[in-house]
Amino acid sequence: MDSVTSDAPTSSPTDGARTPLEASADNGLKIVVVGGFGVGKTTLVRSVSEIRPLNTEETMTQAGEAVDDISEVRGKSATTVAFDFGRITLDARNVLYLFGAPGQERFWFLWDRLFSGTLGAVVLVDTRRIDDSWYAIDRLEHHGTPFIVACNDFGGPTHTPAQIREALDLDPHVPLLDCDARSRESSKRVLITLVEHLKSLSIPRSPELAL
């Protein structure tokens with residue numbers, strides 16, 4: 001669901017207009033959205049960003065089908081080849097910078113650079129393809145980056161939180177929630193959950209934040 005033309009839900013969000021941004025801010029806080037191919041990273045950044053998001057999407061071609069496994073995302077016509085970027089205001093002095101990482105294995109070499117200076121991360125999961133989330137969690141744990149897990153709604157079979165935690169081998173302290181990446185309010189709730197998690201861990205330089 002990295003593009004609005006994927007096989008994921010494609011209805012437009014109707015839960016609120018974007019608000020103007022301040023001209024400047026003192027603190028920029030970096031968050032990375034990671035996950036497998038076609039799980040909705042671009043869609044989440046688009047839905048929540050208060051500026052027109054920067055996307056590095058390219059049209060998928062037949063030649064690319066030999067490289068990327070599109071068997072589970074047949075309606076997908078474009079894919080991120082570098083990163084997505086968006087921004088959301090936290091308060092008068094703090095802004096959140098969102099970076100969506102590409103999901104294909106051939107672009108994983110970009111992840112370590114994207115993780116540099118990251119305050120925390122959202123791992124976006126398609127529960128129909130839970131195994132695709134393993135690499136993201138492994139790299140975040142390797143870097144010691146705090147993260148939460150958000151299960152994007154693709155309308156597939158339902159799983160209990162306990163089943164998802166077991167499948168991902170999640171530590172009990174890692175927050176797990178459902179979301180709809182098309183929805184601004186749902187995506188904001190994901191970010192709020194991450195910020196609250198970071199505050200609970202007493203991350204250095206983490207300000208009193210509220211979305």
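Is serine 133 buried or exposed, and what is its relative accessible area? In this predicted model, serine 133 is buried, with a relative accessible area of 1%.

**Figure 1. Serine 133 in the loop between S6 and H3.** The view is centred on serine 133, which is buried at 1% relative accessible area. Glycine 35 lies 5.5 Å from serine 133, C-alpha to C-alpha. In sequence the two residues are 98 positions apart.

**Figure 2. Helix H3, residues 134-143, and the glycine that follows.** Four residues of H3 are buried: Ala136, Ile137, Arg139 and Leu140. Viewed down the helix axis, these buried residues fall within an arc of 165°, so they line one face of H3. Glycine 144 comes after the helix and has a positive phi, near 70°.

**Figure 3. Strand S7, residues 147-152, covered on both faces.** Six of the six residues of S7 are buried. In a regular strand, side chains alternate between the two faces of the sheet. Phe147, Val149 and Cys151 are on one side of S7, with Ile148, Ala150 and Asn152 on the other, and all are buried.

**Figure 4. Strand S7 between its parallel partners S6 and S8.** Strand S6 (residues 120-126) is joined to S7 by six bridges, and the two run parallel. Within this pairing, valine 123 has valine 149 of S7 as its bridge partner. S7 also pairs with strand S8 (residues 176-179), again in the parallel sense, over four bridges. Here cysteine 151 stands opposite aspartate 178 of S8. The chain passes from S7 to S8 through helix H4 (residues 161-168), and this β-α-β crossover is right-handed. A right-handed β-α-β unit is also made by S6, H3 and S7.

**Figure 5. Aromatic cluster of Phe85, Tyr97 and Phe99.** The structure holds two aromatic pairs. In one of them, the ring centres of phenylalanine 85 and tyrosine 97 are 5.8 Å apart and the ring planes meet at 20°, so the pair is stacked. The stacked class requires planes under 30 degrees apart. This pair links distant parts of the chain, with phenylalanine 85 in strand S4 (residues 84-89) and tyrosine 97 in strand S5 (residues 94-100), twelve residues apart. Tyrosine 97 counts as partly exposed, at 25% relative accessibility. Over the ring of phenylalanine 99 sits the charged end of lysine 30, 5.0 Å from the ring centre.

**Figure 6. The largest nonpolar core, with 23 residues.** The residues with the most contacts inside this core are Ile31, Leu96, Leu98, Val122, Ala150, Val190 and Leu191. Two or more residues each come from strand S1 (27-35), helix H1 (41-48), S5, S6, S7, S8 and helix H5 (184-200). H5 gives the most, with four residues. In soluble globular proteins, nonpolar side chains tend to be buried together.

**Figure 7. Helix H1, largely enclosed by the rest of the structure.** Seven of the eight residues of H1 are buried, so the helix is largely enclosed by its surroundings in the structure. The buried residues of H1 are Lys41, Thr42, Thr43, Leu44, Val45, Ser47 and Val48. H1 is also among the elements that give two or more residues to the largest nonpolar core.

Conventions:
Residues are numbered from 1 along each chain as its sequence is written. This is a predicted model: local features need pLDDT of at least 70, side-chain atom pairs count only at pLDDT 80 or more; totals for chains, interfaces and linings use all residues. Side-chain values use heavy atoms; hydrogens and water are left out. Buried means under 20% relative accessible area, exposed over 50%, partly exposed in between (1.4 Å probe, protein chains only). The arc is that of the directions from the helix axis to the C-beta atoms. Rings of Phe, Tyr and Trp (its six-membered ring) pair if their centres lie within 6.5 Å; planes under 30 degrees apart count as stacked, over 60 as edge-to-face and the rest as tilted. A charge sits over a ring if NZ of Lys or CZ of Arg is within 6 Å of the ring centre and within 35 degrees of the ring normal. Two strands pair if DSSP finds at least two bridges between them. A crossover is right-handed if, with the strands pointing away from the viewer, the path from the first strand over the helix to the second runs clockwise. A nonpolar core is a set of buried Ala, Val, Leu, Ile, Met, Phe, Trp, Tyr and Cys residues joined through side-chain atoms within 4.5 Å.
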